[in-house]
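Subject: Structure handover and notes

Dear colleague,

I am passing on the structure we spoke about, and my notes on it follow directly below. Please read them with the model open beside you.

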Amino acid sequence: MPESLLSRRSCLTAAASLALPSAGWLLPQTAWAGGQLEEPLADSVRTALSSAVAGSGAPPELEFTSTEARMSYLRWLVACSDKLVKRKADPQVRREFLQTVWYESKRAGLDVSMVMGLIQVESGYRKFAISSVGARGYMQIMPFWMRLIGDGDIGKLFHMQTNLRFGCVILRHYMDREKGDAYMALGRYNGSRGQPQYPNAVFGAQRRWLVDEPKAV
């Protein structure tokens, strides 16, 4: 091949590689997590789950029962914010994300550090992540859940609070099905029940987020 053609091709390749990062954030980012498996739900379970995910909208406004509870929450927020700054540089975006994770985790009766570890493994804290099996958002929710317990609009799975609420409600559902066994519930969440790789990865990531959690509000 002529040297001039090689040189031109090299320049075009280099130019393309430089252009991609500037546009890449506009595209959904791929995640390689597994996905929940669609299972038959009893009408009572479907109704309960639908009720649990209803009303998710703007980031929640927290109200505290005491100054001590508020200070405890703020200490947790600062500690987690410092650890998340490389993934979410904007302070307001980072604060709203952590506030919503904490709220939805507590609302579902889940360990906040485990939910943070799950998000780290599932999406790397990327709001628009999409897995190879079609799971979406921070907690990699499979679209069929919107049909089962939502309004069918899968685009809402990229909305922060909607995604986090669905994820926490689904994980709580699996925890109840597994009688509180987090290992088995996490495997079910990933569609790999009984296999060690996924729950071990979440438990490993969870250690990063084991800080003093605030008291209930």
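To begin with the open space, helices α3 (67–84) and α4 (91–107) each contribute at least two residues to the lining of the largest pocket, and α3 gives the most, with 4 residues. Please keep in mind throughout that this is a predicted model. The volume of the largest pocket comes to about 180 Å³, and its lining is made up of Pro 59, Glu 61, Leu 62, Phe 64, Arg 70, Tyr 73, Leu 74, Leu 77, Arg 95, Glu 96 and Gln 99. Sorted by class, that lining holds 6 nonpolar, 1 polar and 4 charged residues, which may be useful to you when you look at the pocket in your own viewer.

As for enclosed space, the count is 1 cavity of 30 Å³ or more, and the largest cavity holds about 30 Å³ of space. The residues that line the largest cavity are Leu 37, Glu 38, Glu 39, Leu 41, Phe 144, Trp 145, Leu 148, His 173, Tyr 174 and Arg 177, and by class they divide into 6 nonpolar, 1 polar and 3 charged. Two helices, α6 (144–149) and α7, each supply at least two residues of this lining.

Helix α7 also deserves a separate look. Its 18 residues, 160–177, should span 26 Å at 1.5 Å a residue, and because the C-alpha atoms at its ends are 26 Å apart, the model agrees with that expectation. The helix is mostly covered, with 15 of its 18 residues buried, and it is followed by Lys 179, whose phi is positive, near 55°.

That brings me to backbone angles, where the general background is that most residues other than glycine have a negative phi. Besides Lys 179, with its positive phi, two further residues should be checked. Tyr 125, in the loop between α5 and β2 (129–131), has a positive phi near 65° although this residue is not a glycine; its relative accessible area is 3%, and since buried means under 20%, Tyr 125 counts as buried. Gln 140, which is likewise not a glycine, has a positive phi of about 50° and lies in the loop between β2 and α6; at 0% relative accessibility, Gln 140 is buried as well.

Tyr 125 is also one of the contacts of Gln 120, which touches Tyr 125, Ala 205, Arg 208 and Trp 209 when residues up to four places away in sequence are not counted. Gln 120 itself sits in helix α5 (residues 112–123), and with a relative accessible area of 26% it falls between the 20% and 50% limits and is therefore partly exposed. The C-alpha atoms of Gln 120 and Ala 201 are separated by 9.5 Å, although these two residues are 81 residues apart along the chain.

Finally, a word on the cysteines. How many disulfides does the model contain? The count comes to 0, where a disulfide would need a pair of cysteine sulfur atoms within 2.5 Å. Cys 80 has a relative accessible area of 1% and is therefore buried, and Cys 168, at 1% relative accessibility, likewise counts as buried.

With best wishes

How values were computed: Residues numbered from 1 in each chain as written. Predicted model: local features only at pLDDT ≥ 70, side-chain atom pairs only at ≥ 80, totals over all residues. Heavy atoms only, no water. Expected span 1.5 Å × (residues − 1). Buried < 20%, exposed > 50% of the residue type's maximum accessible area, 1.4 Å probe, protein only. 1 Å grid on protein atoms, 1.4 Å probe; cavity = no way out; pocket = protein on both sides within 12 Å on 5 of 7 lines; lining within 4 Å. Points joined across faces, edges and corners; volume = space filled by probe spheres on them. Nonpolar A, V, L, I, M, F, W, Y, C, P; charged D, E, K, R; others polar. Contact = heavy atoms within 4.5 Å.
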